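User: Could you take a close look at the core of this protein for me? I'd like to see how the inside is put together and what sits around it.

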Amino acid sequence: MTGKEQGKAWNNNTLDLPEGYRMTELGPLPEEWRVVRLGEVVSLTKGRKPPKLLNAYVAGALPYLTADYFRTGAASGWVPVECLSRMPLCSREDVVLIWDGSKAGQVFTGLDGVLASTMVRVTPTEDLRQDYLFFLLSIQFELLNTQTTGSTIPHVNKELFHNLFIPLPPLPEQRAIAHVLHAVQEAKETTERVIAAARELKRSLMRHLFTYGPVPVDQADQVPLQETEIGPIPAHWRVVRLGEVVSLTKGRKPPKLLNAYVAGALPYLTADYFRTGAASGWVPVECLSRMPLCSREDVVLIWDGSKAGQVFTGLDGVLASTMVRVTPTEDLRQDYLFFLLSIQFELLNTQTTGSTIPHVNKELFHNLFIPLPPLPEQQEIARILRAVDEKIQAEERRKEALEGLFKALLHHLMTARVRLPKEFIARFEEVTNHE
């Protein structure tokens, strides 16, 4: 991105600069901020393949820092101690950039090890903080990734990289900006850990509830059990085949499908609509009487396609041709049925029929043995699991909000459209002076 293009972050048609700002190659910036080329304030160290790479850790070895290791935390190789003196090393504070490959321009930090051959370590001068540099480079990914060189394997364009104009606030403000962005990033990561823990809790709860019923864990040993085709369940529960307690209604393609909503139309309930909430089509009112409809309480299953067996609920509309509505008899609650089917996804998805397009195996589906508690216990099991789902959904909304906040702050703080309070920045001056 040229200085002129980067400057579009501000409306450069505005004649009056904000007080304390001046016009730069990047648009209006605070008077005390400098604009420099990236190559003036960083140096690059290219990684390289070690002469020896081990498949498992041995004493003194360091992990080989590939992009996959940064993403997953799982090292694919280890460099033995006798090779380390000749290799480019990284500490967890270092900023590392993918230089070669389809993800060229992606930036990482936070690991110790030996720099892989497709990566570079980006080392700042004393005028540029590493944490600020990390966030600064993270907003340049699209530019660096789309302007690569190399016909076979793409590489970051070195000339573009070194000539990239960047905003350079005073060190205390760099530190303050990085501190705020890191705090939001940490909050998002904490939320992700809460989501993962809640999902694991749900898996454990489902195993408990479908074995012992809705009783506290510490009272499970007091529940009289019976051995059945599906393992132990409470003695007063029944085991039935799924086909005995449900009927299926297959969706179908409407004779007319609109691209936008018109009065009276209903959304076409595809799997993507259940996942995203964005309807891809609308069925006009004159077609509705001939179509299979769904209410938000109905249980809907993907019948055809790579995700066959996945279950949804919660939407009103017209059932798509790849879906089925699963309607329970009076002995089976819909909410209990939803959670019951959700644990059958792997079985239904891996035992499909059809050579070109996979379909749920109808015989397998109807002959699936399921536990059938009395209706009040079904209701309580569904209530408990729904409460966990609501917690997960709330945390996912929080994560989404934090991601939006992070992106907005990253853009606005780096372009000085939003500045941190002077008294907040002042807290970092003494720390910076003692570094």
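Analyst: Let's start wide and then zoom in. This is a predicted model, and its secondary structure comes to 15 helices and 24 strands. The C-alpha trace spans about 75 × 65 × 50 Å along its principal axes. A compact globule of 435 residues would have a radius of gyration near 22 Å, but this protein comes out at 29 Å. Of those 435 residues, 45% count as buried.

Now for the inside. In soluble globular proteins, nonpolar side chains tend to be buried together. Here, the largest nonpolar core has 49 residues, and V122, F161 and L181 have the most contacts inside it. Let's stop at F161. Leaving aside residues up to four places away in sequence, F161 touches L38, G39, V42, L44, L97, W99, V122, L137, L144 and V156. Apart from this core lies another one, made of 38 residues, and A198, L332, Y336 and F339 are among them. Contacts across the chain matter for the wider picture too: taking contacts between residues at least 6 apart in sequence, 69% join residues at least 24 apart.

Next, have a look at helix α7, which runs over residues 171-212. Its 42 residues reach 60 Å from the first C-alpha to the last, close to the 62 Å expected at 1.5 Å a residue. Just after α7 comes G213, with a positive phi of about 90°.

Further along the chain there's an open sheet of four strands, in the order β16-β23-β20-β21, with antiparallel pairing. The edges are β16 (246-250) and β21 (311-312); each has a single partner strand, so one side of each has no neighbour in the sheet. As for the pair β20 (residues 299-302) and β23 (residues 323-328), four bridges link them in the antiparallel sense. If you want a spot to click on, I302 stands opposite M323 in β23.

One last thing to check is the cysteines. The count of disulfides comes to zero, with 2.5 Å between sulfurs as the cut-off. Take C287: the nearest cysteine sulfur belongs to C294, and that is 17 Å away. Seen from C294, the closest cysteine sulfur is the one in C287, and 17 Å is too far for a bond. C287 counts as buried because its relative accessibility is 4%, under the 20% limit. C294 is buried as well, with a relative accessible area of 7%.

How values were computed
Residues are numbered from 1 along each chain as its sequence is written. This is a predicted model: local features need pLDDT of at least 70, side-chain atom pairs count only at pLDDT 80 or more; totals for chains, interfaces and linings use all residues. Side-chain values use heavy atoms; hydrogens and water are left out. A nonpolar core is a set of buried Ala, Val, Leu, Ile, Met, Phe, Trp, Tyr and Cys residues joined through side-chain atoms within 4.5 Å. Buried means under 20% relative accessible area, exposed over 50%, partly exposed in between (1.4 Å probe, protein chains only). Contact means heavy atoms within 4.5 Å. Helices (H or I, at least four residues) and strands (E, at least two) are DSSP runs, numbered from the N terminus. The expected span of a helix is 1.5 Å times one less than its number of residues. Two strands pair if DSSP finds at least two bridges between them. The radius of gyration is taken over C-alpha atoms; the globule rule is 2.2 Å times the number of residues to the power 0.38.
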